[in-house]
Amino acid sequence: MNPATHAIRVGLNRGWIEFTNSLRSPQDLGFYFFTALGTLAYLFFNRHDDWEGLPYPSVVLPSILGALVAFGAYIGPMYSLAIEREDGTLLRAKAVPRGMTGYVTGQVLFQSLSALPLLVVIVVPSLFLFEIITERGMIAWLMVLGIAALGLLAVLPIGMIVGSLIKGPNKIGTWGMLPMVIMFGTSGIFYPLQELWEWVQVAVQLLPMYWLGLGMRSALLPADAAAAELGGSWRTLEMLGVLGAWAIIGLLLAPPVLRRVARRQSGSAVEAGRHEAMRRVQ
Amino acid sequence: MTTPAMARASRPAGAPDEDTVIDVRDLRMSYGTNQVLTGVNFTARRGEVLVLLGPNGAGKTTTIEILEGFRMRSAGQVGVLGADPAKAGEDWRARTGVVLQSWRDHGRWKVRTLLANLARHYEPYATPSRRRPYDVAELIEMVGLGEQATAKLSTLSGGQRRRLDVAIGIVGRPELLFLDEPTAGFDPHARRDFHDLVHRLSDLEDTTILLTTHDLDEAEKLADRVLILAGGQIVADGSADELARQVTRDAQVRWSRNGERYVHATPDATAFVRDLFAQYGDEVDDLEVRRATLEDTYITLVRSHETGHPDEAADAFAGLEVSDR
């Protein structure tokens, strides 16, 4: 058997186990439940509003889905790497042959699968509670899945790289969250990009978050809603181009960054992390 | 790969052969201006159990991490299983085992699931003579975690977690196993089980084992050879008996006669006791003959280093012939 592809298979098994563990974890289920509850409550209280003849939930749901996928893909691996570097998970991976391949494969699968429950707990109740208009029906939802997959590939490596660079879990608050607040606040998901300064608009369009939201809107909203977007179009090619470019950059950049992090792992580094954690608790 | 027979034939006499698993020459390590290792030399042969002793901060962990390939050295030559650990690849990694001190990783995982997943990483590295990995169920029984096989790691006690650490360290049937203070936090029963496991690995599996400990009693029980690291160098290298005799060849003989207690130090305790009985016969009571223990040796050696006469102690042991067993 080829050792490299074998390690990827073991990593896929690892990711699947992480996912099933997560589905049994009260903590993670609580996260899904409250995120869904908050989102649905927001949509529910605004369900009678309308925008250019379309019901409000129908209009904002795509943007919300885009934001949640991007949010999960950024925050998930960032937390995992910052924490698992300190607690010795990474060192364990390093101590077995091709363990880092297995670890990274597992992370990618686990974090990707984690987006599914979140989409399901929001989309399924929405279909029953609200009037969600999709002109294309099933095809629209398949497009949502496809764009979500591409968005994951584009954003996951960013989360991994940021998580690798943060010095321990206590720094997540500043160095992990700050870029997130900036990236998401200006992503056009929470309010229209056109209202921001022009240089911000340019900067935001270089990042994947905006395009993920735009992609979701293009999948679910009627064609004439594109008039409200920048340039009055869904810019499908640009959307695929930017997300694809980020996915390629990330997949090229993440391995050397992760290797650098792994190289620094040793028993005494983990021991130092443990002392640091104990100190924080006290 | 050359066959073992060819490799043996092509080696000049005295050079490390394929039975040399660890070969460390003039290993140096400094952190900034702080020199931790100033020239460490030692070798280990296949199937040997080496125990590395030394005071806190002597560089035991640094040494072991360099050999594991987890830390870059400043200078010197290091050969582990015929390769430089700083550059060795995944095939080399598959032949080594590292027992890590975990504390909260994989908390959501079950014991058997984690061990099984890590075990699969070794599957491509099986050889006809070394089946890899271990059967997971068998290994779980072997380390005494049978009842915890489906327990989550977060529910394990400290001692149970250490047993799992050991299981993960040996799941790939390593030719060389590193253990850094493996029995810290073990109760006496777990410690006994662990010692049995170490004997089993070295006797049945021909595993070479390098471990550090602060428990001198444990070192005496496990070690084929003891290495004492002090002042950045190996200051003693030999079996526990050899080291003890190096510090003092005298044994202490204690006895009592007519209610009075006596102590006598002599290099030949057997002859002395024979004379004692010849002279006093039944009057001799409470007889006790005690040789220097590893603890006596260790304390003597480390103290001589700390009082600033490292050369003296190193000289005292320079004459020690380490038998090649």
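Just after helix 2 of chain B, B:Gly69 takes a positive phi of about 85°, and the helix that precedes this glycine is largely enclosed by the rest of the structure, because eight of its nine residues are buried. The model is a predicted one, and the points below take up the two enclosed helices of chain B, the contact between chain B and chain A, two buried residues of chain A, and some backbone features of chain B. Chain B is divided into domain 1 (100-173) and domain 2 (242-318), and the centres of these two domains, taken over C-alpha atoms, are separated by 45 Å.

**Helix 2 of chain B**

- The buried residues of helix 2 of chain B are B:Lys60, B:Thr62, B:Thr63, B:Ile64, B:Glu65, B:Ile66, B:Leu67 and B:Glu68, and among them are charged side chains such as B:Lys60 and B:Glu65.
- Helix 2 (60-68) is also one of the elements that give two or more residues to the side of chain B that touches chain A.

**Helix 6 of chain B**

- Helix 6 of chain B, which spans residues 158-170, has 13 residues and reaches 19 Å from its first C-alpha to its last, a value close to the 18 Å expected at 1.5 Å a residue.
- Ten of the 13 residues of helix 6 of chain B are buried, so this helix is largely enclosed by the rest of the structure.
- The buried residues of helix 6 include B:Arg161, B:Arg162, B:Arg163 and B:Asp165, and they also include B:Leu164, B:Val166, B:Ala167, B:Ile168, B:Gly169 and B:Ile170.
- The cover over these buried residues comes from both chains, since it includes helix 4 (89-95) of chain A, while the elements of chain B that take part include strand 5 (96-99), helix 4 (111-120), helix 5 (136-142), strand 6 (176-180) and helix 7 (188-204).

**The contact between chain B and chain A**

- The contact takes 28 residues from chain B and 39 residues from chain A, and the area buried between the two chains is about 3,300 Å², of which carbon and sulfur atoms give 56%.
- Of the area that chain B buries against chain A, 24% is supplied by B:Trp103, B:Arg108 and B:His121, which is more than any other three residues supply.
- Four salt bridges are counted between chain B and chain A, and a salt bridge is formed by B:Asp105 with A:Arg92, whose closest N and O atoms are 3.0 Å apart.
- The count of residue pairs in polar contact between chain B and chain A is 14, with both residues at pLDDT 80 or more.
- The elements that give two or more residues to the side of chain B that touches chain A are helix 2, helix 3 (90-95), helix 4 and helix 6 of chain B, and helix 4 of chain B gives the most, with four residues.

**Two buried residues of chain A**

- A:His6 is found in helix 1 (residues 3-23) of chain A and is buried, with a relative accessible area of 3%.
- Leaving aside its neighbours within four places in sequence, A:His6 is in contact with A:Met1 in its own chain and with B:Arg120, B:Glu123 and B:Pro124 in chain B.
- A:Leu119, which lies in helix 5 (residues 99-129) of chain A, is likewise buried, with a relative accessible area of 10%.
- Not counting residues up to four places away in sequence, A:Leu119 touches A:Leu65, A:Val69, A:Val124, A:Leu145 and A:Ala148.
- A:Leu119 and A:Ala148 are 29 residues apart in sequence, and their C-alpha atoms are 9.7 Å apart in space.

**Backbone features in the loops of chain B**

- The peptide bond from B:Arg132 to B:Pro133 is cis, with omega near -10°, and B:Pro133 has its place in the loop between helix 4 and helix 5 of chain B.
- B:Glu181, in the loop between strand 6 and helix 7 of chain B, has a phi near 50°, a positive value in a residue other than glycine, and B:Glu181 is partly exposed, with a relative accessible area of 26%.
- B:Asn258 lies in the loop between strand 10 (251-257) and strand 11 (260-266) of chain B, where its phi is near 50°, again a positive value in a residue other than glycine.
- B:Asn258 is exposed, because its relative accessible area of 63% is over the 50% cut-off.

Note on methods
Residues are numbered from 1 along each chain as its sequence is written. Chains are lettered from A and ligands numbered from 1 in the order in which they are written. This is a predicted model: local features need pLDDT of at least 70, side-chain atom pairs count only at pLDDT 80 or more; totals for chains, interfaces and linings use all residues. Side-chain values use heavy atoms; hydrogens and water are left out. The expected span of a helix is 1.5 Å times one less than its number of residues. Buried means under 20% relative accessible area, exposed over 50%, partly exposed in between (1.4 Å probe, protein chains only). Contact means heavy atoms within 4.5 Å. Domain bounds come from an automatic or database domain assignment. Buried area is the accessible area (1.4 Å probe) that two parts lose on being put together, summed over both. A salt bridge is a side-chain nitrogen of Lys or Arg within 4 Å of a carboxyl oxygen of Asp or Glu. A polar contact is a pair of N or O atoms within 3.5 Å; within protein, one must be able to donate a hydrogen and the other to accept it, and residues adjacent in sequence count only if both atoms are side-chain atoms.
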